[in-house]
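I opened the notebook to go through a few side chains and surface patches one at a time. The entries below follow the order in which I looked things up.

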Amino acid sequence: FSQDFKRFVVPENFKPAQVLNSLKWPDNYLTTNRKLHFSITKDDDDVHFEINSLTGDLFLSKELDYETASHFLLQVIIKDYNNNPPQNNTVFLSIDVEDQNDHSPYFQDDFIVIGIEENVPVGTLVYTFNAKDGDGSFLNSKIQYSLEMSTTGENPFLIHPSYGTLTTAFPLDREITRSVILTVSAADQAINLTDRRLDSLTAKIVILDINDNSPSFMSSPLSYVIEDVEVGFLVHHIIAKDPDEGRNGQVTYHILSGNENKAFVLDKITGLLTTAQLLDREIQERYSLTVMALDDGSPALSSTQVLTIIVLDVNDETPIFLKQIYETAIRENQDPGEFVIKVEAVDRDAGLNSLLRYEILPGTDYEKFKMNSDSGELITTASLDRETQEVFSVKGSPSRSSTAQLYLMVLDENDHNPLFAKTQYEMSVREDLEEGSAILDLFASDEDDGLNGEVMYSLIDDTFGAFAVDSVTGSIVTTKALDRETKSQYTFRAVASDCSTHLPRSTTVSVVVHVD
């Protein structure tokens, strides 16, 4: 051979039966009548290569797989049988298999769900993707990752192209975005761009809630209530919303201050504020309650609101004169229109309810005076004569209010069962009683009204044809002749049902009849 060691590269996709190389002797080597023989020394399980023993052409006999075997070392022997003994020579062939990009990257899953808490710092590791590639060479198995968001908008995540680490690129807010669908691709880095292979998976990133929002009041901070409402009257519905999820968004309500006299009670679950005692505007006309809305997160967050409750006036106060008796003097013989005195009364009510009008009650000589209904000033309507009358007694009274009556009729609901006069009926009858004789008058009452209180009667159980009941009157009568020797006792049940057209009610009573 021209050399003792020869090295060459074979592509992984080289087809069997193709000549890989030709081992020839030097051109100046005389081959006439030369008997030369080529052979390969190899392991028994190495069947990838064969050599033409006459020409020295080396060819592939089995497909190559770089990932299984990437290198072969063959020993080729040439023997010259023209000499006796035969002479031989040896060459070593080092064959490197060139990797082809015949494997695609692959993920273990097609779809994964990943949870990440909101408000984590930018750059927080969310997940590490790990795709595999079965190729053996560096570039063919080197994976580069890329990311694509399925929806429009700015992608809040980044992926490292080499390491596959998914990190946050922007602050996350579950109250704005609850989840993101990402398509993660893994591509190998084959030198020939057209030979590059890739795989992808879908990742759903679920933004997990943390308690980062305080409750926010939605209801008005101002409420009005009339002073004469009953205890338990609904004053205000306090509403606060919390956009967090689960317990982080569950809100309870509490009064922090302003309710020292316990005038109100607040349902901590519903936020309904009701009166706990009677109100009196003349004692307190305004309440300022500091109300807190508290979520159930850990730690819990809260907000406060000052709720102003204004008590509205009703005309429940009687006007009162500042004096019980007014005394004054006036000269006689003055022209009509002379000022006499001004009376004054006060009313603790507010607004129109406290606006007073004055008048003189009818009495002796009351026509000689006139009262200004607005100011309470009293003036004369005639010239007075002391000799005729020296003393006048005038009564005044401010008006208060008028009243109206409300008649309310309550419509009936079928909420009572018919009620028998007895819990059980038991009687004795003679066996010679005539057919059609009344033996018992059932009576059941129903407190309901109309059809709901109208009672109908019926019998259940087997009376053996001996008895029947009048459905309207409730009278039980015999329907055949009785025979004590045949049957001495009957036990059955009577039913009283009301005539309601919707969900009628009924009551059952036991009836025992002894035949004498």
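In which strand is Ile-226 found? I found Ile-226 in strand E16, where strands (E, at least two residues) are DSSP runs numbered from the N terminus.

Before going on, I noted that this is a predicted model, in which local features need pLDDT of at least 70 and side-chain atom pairs count only at pLDDT 80 or more, while totals for chains, interfaces and linings use all residues. Residues are numbered from 1 along each chain as its sequence is written, and side-chain values use heavy atoms, with hydrogens and water left out.

Entry on the nonpolar patch. I looked up Ile-226 and read a relative accessible area of 39%, so I entered the residue as partly exposed (buried means under 20%, exposed over 50%, partly exposed in between, with a 1.4 Å probe and protein chains only). Ile-226 forms a nonpolar surface patch with Leu-222, Tyr-224 and Leu-312, and together they have about 340 Å² of accessible area (Shrake-Rupley method, 1.4 Å probe). Strand E16, residues 222–226, gives the largest share of this patch, three residues. Patches take residues with over 30% relative accessible area and no salt bridge, joining like charges within 9 Å and nonpolar side chains within 5 Å.

Entry on the negative patch. I then turned to a surface patch of negative charge, in which Asp-412, Glu-413, Asp-415, Glu-447 and Asp-449 gather. Glu-447 sits in the loop between strand E32 (444–445) and strand E33 (455–460), and I entered Glu-447 as exposed because its relative accessibility is 67%.

Entry on Asp-295. I located Asp-295 in strand E22, residues 286–295. Asp-295 is buried but has no salt bridge, and the nearest side chain of opposite charge, that of Arg-247, is 9.2 Å away (a salt bridge is a side-chain nitrogen of Lys or Arg within 4 Å of a carboxyl oxygen of Asp or Glu). Which backbone nitrogen does the side chain of Asp-295 reach at 3.2 Å? I found that of Gly-297, and I also noted the backbone nitrogen of Leu-301 at 2.8 Å from a polar atom of the Asp-295 side chain.

Entry on Tyr-358. I placed Tyr-358 in the loop between strand E26 (345–346) and strand E27 (369–371), and entered it as buried because its relative accessibility is 8%. The Tyr-358 side chain reaches the backbone nitrogen of Ala-345 at 3.1 Å, and the C-alpha atoms of Tyr-358 and Glu-344, which are 14 residues apart along the chain, are separated by 8.9 Å.

Note on methods. Lys and Arg count as positive and Asp and Glu as negative; His and the chain ends are not counted. The place of a charge is taken as NZ of Lys, CZ of Arg, CG of Asp or CD of Glu. Helices (H or I, at least four residues) and strands (E, at least two) are DSSP runs, numbered from the N terminus. A polar contact is a pair of N or O atoms within 3.5 Å; within protein, one must be able to donate a hydrogen and the other to accept it, and residues adjacent in sequence count only if both atoms are side-chain atoms.
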